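Work through the exercises below with the sequence and the structure at hand, and try each task before reading its solution.

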Amino acid sequence: MKRTIALIVAGLLGVVVVVILTLRILISHSVRENITIAENHYPGSAEDALIAYLSDTANSTDDRTEIAIWTLGQTRSTKALPYLQELYNEDPEGRTCKGRHDSVLCQRELHKAIVSIENGLPGAKKKIWLGFWQRTDD
């Protein structure tokens, strides 16, 4: 009986490890892909290209959210923090943009990106961050 329980626990731990590694790979791939998209349109470092992509209103609000905001949050770009804060309307749950992402930047994604960046600042009360991608400003 103990052996069966040990095998089940080991199997579950193995599944958890595989899931975490898979998420890490998928997120890293998406971050790299988004950086490449931004760098193909704008000069400078990855961080500068993503900020330029975010700031350019010629890009769709969906793309600005999914490519720039999400990636800047994943990389915890402190340089982008003022830009993100300027676009944020104190709507952490995204009620003001629900169903309108074709015309409004996602406030929930802005909130998550800002929190991710702020949690990485020196002196900040640290919360668990899985560290799927390195900071762009390290």
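Contact here means heavy atoms within 4.5 Å. The structure is a predicted model, and the protein averages a pLDDT of 87, with 87% of the residues scoring at least 70.

**Exercise 1. The overall fold**

Task: Establish how many helices and strands the protein holds, and how its elements run from the N terminus on.

Solution: Begin with the count, which comes to five helices and zero strands. Reading from the N terminus, the elements then follow one another as α-α-α-α-α. As for confidence, the mean pLDDT among these elements is lowest in H5, at 92, and highest in H2, at 96. Turning to contacts between residues at least 6 apart in sequence, 58% of them join residues at least 24 apart. Of the 138 residues in the protein, 36% are buried, and the accessible surface comes to about 8800 Å², with 59% of that surface belonging to carbon and sulfur atoms.

**Exercise 2. Two helices and their spans**

Task: Check whether the end-to-end distance of H1 agrees with the span that its 40 residues should have, and then find which of its residues are buried.

Solution: The 40 residues of H1, at 1.5 Å a residue, should span 58 Å, because the expected span is 1.5 Å times one less than the number of residues. The end C-alpha atoms of H1 are 59 Å apart, which agrees with that expectation. The buried residues of H1 are Ile27, Ser28, Val31, Asn34, Ile35 and Ala38, and they pack against H2 and H3. A general point helps in reading such a list: an α-helix has 3.6 residues a turn, so residues three or four places apart point the same way.

The same check can be made on H5, whose 13 residues reach 18 Å from the first C-alpha to the last, close to the 18 Å expected. Its buried residues are Gln107, Glu109, Leu110, Ala113, Ile114, Ser116 and Ile117, and what covers them includes H3 and H4.

**Exercise 3. The nonpolar core**

Task: Find which residues of the largest nonpolar core touch the most other members, and trace the contacts of isoleucine 69 and leucine 50.

Solution: The largest nonpolar core has 24 residues, and those touching the most other members are Leu50, Tyr53, Leu54, Ile69, Leu72, Leu84 and Leu110. The elements that give two or more residues to this core are H1, H2, H3, H4 and H5, and H2 gives the most, with six residues.

Take isoleucine 69 next: leaving aside its neighbours within four places in sequence, it is in contact with Leu54, Arg64, Leu84, Leu105, Glu109, Leu110 and Ala113.

Leucine 50 has its place in helix H2, and it counts as buried because its relative accessible area is 0%, under the 20% cut-off. With neighbours within four places in sequence again left aside, leucine 50 is in contact with Asn34, Ile35, Ala38, Ile67, Ala68, Thr71 and Leu72. Leucine 50 and alanine 80, which are 30 residues apart in sequence, have C-alpha atoms 8.6 Å apart in space.

**Exercise 4. Two cysteines**

Task: Explain why cysteine 97 and the closest cysteine sulfur, in cysteine 106, form no bond.

Solution: First, consider the separation, for the two sulfur atoms are 4.2 Å apart. Next, compare this with the cut-off: a disulfide needs the sulfur atoms within 2.5 Å, so the pair is too far apart for a bond. The structure accordingly holds zero disulfides. Both cysteines can also be placed by accessibility, since cysteine 97 is buried with a relative accessible area of 1%, and cysteine 106 counts as buried at 10%.

**Exercise 5. Positive phi outside glycine**

Task: Decide whether arginine 76 is buried or exposed, and whether glutamate 90 is buried or exposed.

Solution: Start with the backbone of arginine 76, where phi is near 50 degrees, a positive value in a residue other than glycine. Arginine 76 lies in the loop between helix H3 (61-74) and helix H4 (81-87), and its relative accessible area of 15% makes it buried. The C-alpha atoms of arginine 76 and glycine 120 are 6.9 Å apart in space, although the two residues are 44 apart in sequence.

Glutamate 90 likewise has a positive phi, of about 55 degrees, although it is not a glycine. Its place is in the loop between H4 and helix H5 (107-119), and at 66% relative accessibility glutamate 90 counts as exposed.

Terms used
Residues are numbered from 1 along each chain as its sequence is written. This is a predicted model: local features need pLDDT of at least 70, side-chain atom pairs count only at pLDDT 80 or more; totals for chains, interfaces and linings use all residues. Side-chain values use heavy atoms; hydrogens and water are left out. Helices (H or I, at least four residues) and strands (E, at least two) are DSSP runs, numbered from the N terminus. Buried means under 20% relative accessible area, exposed over 50%, partly exposed in between (1.4 Å probe, protein chains only). A nonpolar core is a set of buried Ala, Val, Leu, Ile, Met, Phe, Trp, Tyr and Cys residues joined through side-chain atoms within 4.5 Å. pLDDT is the predictor's confidence in each residue, from 0 to 100. Accessible areas come from the Shrake-Rupley method with a 1.4 Å probe; for residues, only the protein chains shown count as cover.
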